[in-house]
Structures are given as C-alpha cells and as structure tokens.
There are 2 protein chains.
Amino acid sequence: MSAITVLLVDDHLVVRSGLKALLGTQPDIEVVAEASSGEEALTAVEEHSPAVVVMDLAMGTGMDGIEAIRKLRERNRRQAVLVFTTYDSDADIVRAVDAGAMGYLLKDAAPEEIFAAVRGAVQGKSVMSAPVASRLFQQLRNPDEVLTPREAELLSLLTEGLSNRELGQRLFISEATVKTHLAHIYAKLGVETRAAAIATAIRREGMR
Amino acid sequence: MSAITVLLVDDHLVVRSGLKALLGTQPDIEVVAEASSGEEALTAVEEHSPAVVVMDLAMGTGMDGIEAIRKLRERNRRQAVLVFTTYDSDADIVRAVDAGAMGYLLKDAAPEEIFAAVRGAVQGKSVMSAPVASRLFQQLRNPDEVLTPREAELLSLLTEGLSNRELGQRLFISEATVKTHLAHIYAKLGVETRAAAIATAIRREGMR
DNA sequence: GGCCGGATCAGCCAAAAGGCTGAGAGACCA
DNA sequence: TGGTCTCTCAGCCTTTTGGCTGATCCGGCC
C-alpha cells in the first residue's frame, strides 16, 4: 500500500522543514510538496493531488489560510485539510471548520497527535487538539456566553479604544445604554473591566 | 577548528526540529541541546555551555523568553543569545535588546540570514532581520516616541487587561508610579485612554 | 393574548482612571 | 561638576467607568 501524500503550507521555512522531518519518521506518510502561501498551495494541490493538506492559518502575505481552505474545498469537496497553527482563537476555529477543515492542531501538539490527525484526515475523521476541542465544547455548553449582534458590534468598536460617550455617539444610543450593553458583555466574557474585555476580545476572537 | 555549539529554545517541537535540520546543513554549526521552556534553557546552558542560545520569546508556560535571556546574561555576561520569533513587536525588540539579546530574527528569515546571525553572535556581532532593523531605525528618527524598557514592559502587561493596582503588584511598584508610566505611554502613543493604548499597542505591535 | 429576549434609557453610588504639579534617587555622559 | 534620562513616589482634583435596580418598547412565539 502506498503512503499518505501530504502538502505542507506554512510561510515559515523552519516550521515546514520541522514538520517534514517529523512526518518523515513515519513510513506511511510522505510529504510530496511544500508551499509558503495560499496561492502556492492551490497550484501545488493541482500538481501533486496530495491526500492531505496541512496548513497554517497565518500567512504573511496574500490569501490567508481560511481563504485557501475555502478555495481548495470549492475545487474538490473531498480534499482533506488539517489546520496546524499557533493560536487557538475561537473565531479562527469556527471560521476554519466552516471553511471545511477536517482538523485543528496546535503547533505544540505531540508528534503522535499530529500523526493520528493526518491518518484520520484521509479517512474523513475529525481530529483536534485538546485545548481546541474544549473551547468548542464550552461554546456548545454555554450558549449564554454568545454575544448578541448588538453586543458584538459594541465590542468591536470597543477594541478601537472608544469611550462610552463615543460609543453612544457612534451607535446613536445613550451612554446609559452603552453601559448596559457593556455590563452584559463583561459578564459573558467573564471579565470586569473594559481593558480586560478588549484584551480578551482581541486574543479570543482574532480581532485586529 | 570545532563547530559552533548551539542551544535551541522553543516550546514548539516542530520549530526546534526544523531549525535543527536547517542548522545541521552547516558543517561549522552544531545543535548540542534543545529546551522547550525558559527553565529548561537555564539548566541546559549549565550542562552544555553552548556558544549561542537561539530562543523564541513566546513560551507557553512559565518563564518567558525575555526573563530567560536576562537570567542567562546575569549568570554569564558573555553568553550570546539570539532571539528567533514570529512577531516583530516594538516592545519585544526593545525589551529583548535591553535584556541582552545579540540579535533578533524573524521566523520567516532566509536560511543564510540565520546562519550569518549564529556566526556573528559568537563574535559579538549584532544581527537582525530587515523588518526589525527598519523598526529600530524609525525609532531612532523619532526618539520622542520610543518607549523606555520599563514603559514597554508596562504596555505589554496593559494589553493583558490588568488594572493599575494589578500592574503595580506585578511590577513591585506603587500605583502612583504606574500612573506616571501610563501618562508617558499615552503621550508617546498619542492616545488619551488605556483602552486606546491597548488597541494601538495590539494593532501596532502585533502583541497578543 | 401573554411571555420572553433584545434593545433602549435613568438614577445613584463607589471605584478606577486620568491630568497636573512637584520631587528625590541613581545612572550616564559631556 | 552639572545636565539629562529613567524610574520612582505623593497629593489633589475631575472625569470615566462599573455595579445595581428598575423601567419601557418592540418583535417573535406558543
């Protein structure tokens, strides 16, 4: 039986070669190509038809990882894609899964975990790192922590550094209403100050 | 003549093995040890006395890279340390250089650049990636806008959402001093509130 | 029709943050 | 030696923010 063919996509050469070395230790896995951007990934898939694409979400320039996943899946709905990235941001996880990723691994994952994810991906299995999974579970268990559209709008403006007065003016609501919304947002995010809310929002949702 | 001995410090296994593979292609460079945390790095240096320590700043748990550099340099002022990290944040650069780093490389650096930095470090030369260098130049042109190491440290903690009291406790200074530093930071960043400072810092510095 | 969640607003009070001035200690440099 | 920079701290005052309670309005939904 032939080995599982893999395409690596990451804009960092050292990460690619590290992952290649790691996967190379497995006789049933073979890295057949590498790409350093979303664009390159698309052409590399055309050329090599890898069984699995292992992709970083953060690409320095051009198309980002999410967009690349979406395009890959548009062209071939059977294409297995694994996300292999540094940060476990709620927003990124949701967006990646939505775009069609089969699994979501963090870069500090154990080698065995990575091997298992690659093998699982070709069988259509979904594999994700424990921290990622726990985040998703928490979202499912606690729908109370989901922001309403208006709250999300406020939070987004909050991360631009606006004061309550400015928020009110921008949204055509009174300062009192702003404060009410903020109180709800703080409760849902589990913080007590606007500074912590901003920090949490940016780190958790990938806002910037 | 013997090879340049190197200790790799990064909490991501794939990055370590990638870097090791890359450096292994050079006959005059030898990776003699690896560490996945600041604590491990300290003991590994004791044991192997590497000529150069190549270190990521962002360590998942425990001592961060900056702290590790400081401790290494306290024990041996001749220890060459190269920072090898993902983001070119102003604050991190200033703090790393202040802590005693000899060079500052980004993870997407070209292999030749990395080799040159390692070779330069043992001779006491300072090497940095082009984007990092340009940031420093810009700072030199506008010295009024350059944060002092202490201010950068505060700003970094600020982006974690801490209150003035918490900042004081964390840094072992009074709340009054915290407020003084913050006032200076706001002036240099051109903002008026901590929320805006956090937003600016994160967007401008790539902090997270 | 009644219930509920989301969005809107008000008032009151305590805590936190910010603006301002002034000042001492230590390092570094000309 | 004197000047400059950084870090440290204090007091005073105003503005902003956050916690709490209670209230109205509207659109879906059973």
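**The surface near DNA strand D, and a sheet in chain B**

Let me begin with DNA strand D, which is surrounded by 17 residues, where near means that a heavy atom of the residue lies within 4 Å of the strand; the closest are Y186(A), R194(A), T148(B), S174(B) and H181(B). Please keep in mind that this is a predicted model, in which local features need pLDDT of at least 70 and side-chain atom pairs count only at pLDDT 80 or more, while totals for chains, interfaces and linings use all residues. Residues are numbered from 1 along each chain as its sequence is written, chains are lettered from A in the order in which they are written, and side-chain values use heavy atoms, with hydrogens and water left out.

Of the atoms of DNA strand D within 4 Å of the protein, 69% belong to sugar or phosphate, and the rest belong to bases. As for individual contacts, a backbone N or O atom of R194(A) lies 2.5 Å from a phosphate oxygen of the strand, a side-chain N or O atom of T148(B) is 2.4 Å from a phosphate oxygen, and a polar side-chain atom of H181(B) lies 2.7 Å from a phosphate oxygen.

Turning to chain B, six strands form an open sheet in the order β2-β1-β3-β4-β5-β6, with parallel pairing; strands here are DSSP runs of E with at least two residues, numbered from the N terminus, and two strands pair if DSSP finds at least two bridges between them. Because β2 (29–35) and β6 (127–128) of chain B stand at the edges with a single partner strand each, one side of each is left without a neighbour in the sheet.

Note on methods
A polar contact is a pair of N or O atoms within 3.5 Å; within protein, one must be able to donate a hydrogen and the other to accept it, and residues adjacent in sequence count only if both atoms are side-chain atoms. Helices (H or I, at least four residues) and strands (E, at least two) are DSSP runs, numbered from the N terminus.
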